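Here are some notes to read alongside the model, written for someone meeting it for the first time. Take them in order, and keep the 3D view open as you go.

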Amino acid sequence: MTVGGGSADYVHRPVMLAECLDLLNLHAGAHVVDFTAGGGGHSAAIAEKIAPSGTLFALDRDEDAIAATSQRLRAHIATNDVRVLRTDFAHAGATLHSVAGDITGTLDGALFDLGVSSYQLDGPRGFSFLRDEPLDMRMDRTAGRTAADLLETASGDELFRILRDFGDERFAGAIARRIVERRVRERISSTSQLVDIVKSAVPKAAWPKDKHVATRTFQAIRIAVNEELQHIEEGLNLAINLLKPGGRLVVISFHSLEDRLVKQKFLSAAGRAPSPPGWSPAAMVPRNDVPVLEILTRKPVEASAEEVAANPRARSARLRAAAKV
Ligand SMILES: C[S@@+](CC[C@H](N)C(=O)[O-])C[C@H]1O[C@@H](n2cnc3c(N)ncnc32)[C@H](O)[C@@H]1O
């Protein structure tokens with residue numbers, strides 16, 4: 001099925017589905033939130049597991065994902081209470097409250113399959129350096145500033161920090177300087193302009209062999225535009241609050257920054273490590289002294305060789321799971 005005019009098949013194979021279902025440990029009648037519905041692949045499989053009489057809230061900030069998931073879950077409405085809701089992690093608590101009242105401590109399972117979907121990557125929102133497209137990069141196209149706006153308004157220093165911290169880019173300084181030089185002459189509004197800038201800033205001898213030279217820059221700007229790391233913190237805090245004792249939290253991440261955040265949150269909520277520096281003081285989860293999670297995956301689980309062969313995107317997937325104490 002193609003949604004929203006893109007060429008991609010939105011209903012891609014859900015990543016690490018068997019491992020997710022195993023660790024979510026669902027039963028008929030269970031209550032679950034899928035915080036990243038995407039094309040509805042994980043949600044549909046969850047809906048089957050919790051039937052009959054389960055409750056599934058499938059959330060996403062992207063309207064195309066909401067359309068795709070609504071369609072995908074139609075078959076499950078007769079057997080379960082299914083709600084597909086457009087919201088982001090930061091507003092998910094209020095959204096869930098508005099449709100279901102106070103569900104604190106009631107969930108059997110919560111799932112996060114983080115990052116961008118293949119549909120989003122396949123365009124035409126400027127997530128990919130492989131085609132010439134407008135530099136938007138917003139998952140939610142109704143809110144926030146586009147990547148082009150960010151490149152226009154951020155200071156050179158901010159750009160440097162975004163590229164260094166969210167892209168781990170060695171040439172962050174040179175790329176930030178080129179962006180600032182270029183935007184004096186013209187607005188940087190297309191992916192091809194950004195690719196040119198990166199190519200001109202990174203010496204050819206240092207171009208990576210195994211990936212496109214602009215990969216890190218695109219990742220960094222996408223993370224900044226969508227405030228992805230901040231959202232993960234808020235989403236995990238909310239999920240932990242909503243789970244009932246024994247309820248399962250499963251998180252799949254696709255790059256080391258995400259995975260590090262998830263790992264730190266798990267350790268901190270399990271009472272095994274200090275909260276990460278800069279962790280929001282408004283965090284709703286008791287820290288360190290009162291463990292609220294038991295970690296079920298000592299090391300992150302990786303996709304099987306068969307899955308990676310069938311779906312290269314699964315190569316970087318890292319799955320962590322925990323149970324509410
Ligand atoms: C990898 S895809 C999920 C794919 C899905 N599990 C499936 O089976 O089709 C990630 C989804 O999470 C959504 N997303 C990412 N960050 C979000 C956030 N902070 N709030 C809400 N949705 C988010 C994206 O819009 C995207 O649709």
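1. Let's begin with the charged pairs. In this predicted model, the count of salt bridges comes to 18. A good one to find first is the pair Asp64 and Arg141, whose side chains meet with N and O 2.9 Å apart. Asp64 sits in helix H3, while Arg141 belongs to the loop between helix H5 (118–121) and helix H6 (147–153), so this salt bridge ties together parts that are 77 residues apart in sequence.

2. Next, step back to the overall layout. The domain assignment divides the protein chain into domain 1, made of 17–119 + 228–324, and domain 2, which covers 141–225. Note that domain 1 is given as two stretches of sequence. Between the centres of the two domains, taken over C-alpha atoms, there are 30 Å. Where the domains touch, domain 1 contributes 10 residues and domain 2 contributes seven residues.

3. How much area do domain 1 and domain 2 bury between them? The figure is about 730 Å², with 45% of it on carbon and sulfur atoms. On the domain 1 side, please look at Glu228, His255 and Leu257: these residues supply 51% of the area that domain 1 buries against domain 2, more than any other three residues.

4. The interface also has its own charged and polar links. Two salt bridges are found across the interface of domain 1 and domain 2. Glu228, already met above as one of the contributors to the buried area, forms a salt bridge with Arg222, and the closest N and O atoms of that pair are 2.8 Å apart. Between the two domains there are four residue pairs in polar contact.

5. Which elements give two or more residues to the side of domain 1 that touches domain 2? They are helix H3 (63–72), helix H11 (228–242) and helix H12 (256–269). Sorted by class, that side of domain 1 has five charged, three nonpolar and two polar residues.

6. Now for the rings. The count of aromatic pairs comes to four. Phe35 and Phe112 form a stacked pair, with 4.3 Å from centre to centre and 10° between the planes. Phe35 is in the loop between strand E1 (31–34) and helix H2 (41–50), and Phe112 is in strand E4 (residues 107–113), so the pair ties together parts that are 77 residues apart in sequence.

7. Finally, two backbone details are worth a look. The peptide bond from Ala51 to Pro52 is cis, with omega near -5°, and Pro52 is found in the loop between H2 and strand E2 (55–60). The other detail is Asn25, which has a positive phi of about 55° although it is not a glycine. You will find Asn25 in the loop between helix H1 (17–24) and E1.

How values were computed
Residues are numbered from 1 along each chain as its sequence is written. This is a predicted model: local features need pLDDT of at least 70, side-chain atom pairs count only at pLDDT 80 or more; totals for chains, interfaces and linings use all residues. Side-chain values use heavy atoms; hydrogens and water are left out. Domain bounds come from an automatic or database domain assignment. Contact means heavy atoms within 4.5 Å. Buried area is the accessible area (1.4 Å probe) that two parts lose on being put together, summed over both. A salt bridge is a side-chain nitrogen of Lys or Arg within 4 Å of a carboxyl oxygen of Asp or Glu. A polar contact is a pair of N or O atoms within 3.5 Å; within protein, one must be able to donate a hydrogen and the other to accept it, and residues adjacent in sequence count only if both atoms are side-chain atoms. Helices (H or I, at least four residues) and strands (E, at least two) are DSSP runs, numbered from the N terminus. Ala, Val, Leu, Ile, Met, Phe, Trp, Tyr, Cys and Pro count as nonpolar, Asp, Glu, Lys and Arg as charged, and the others, Gly among them, as polar. Rings of Phe, Tyr and Trp (its six-membered ring) pair if their centres lie within 6.5 Å; planes under 30 degrees apart count as stacked, over 60 as edge-to-face and the rest as tilted.
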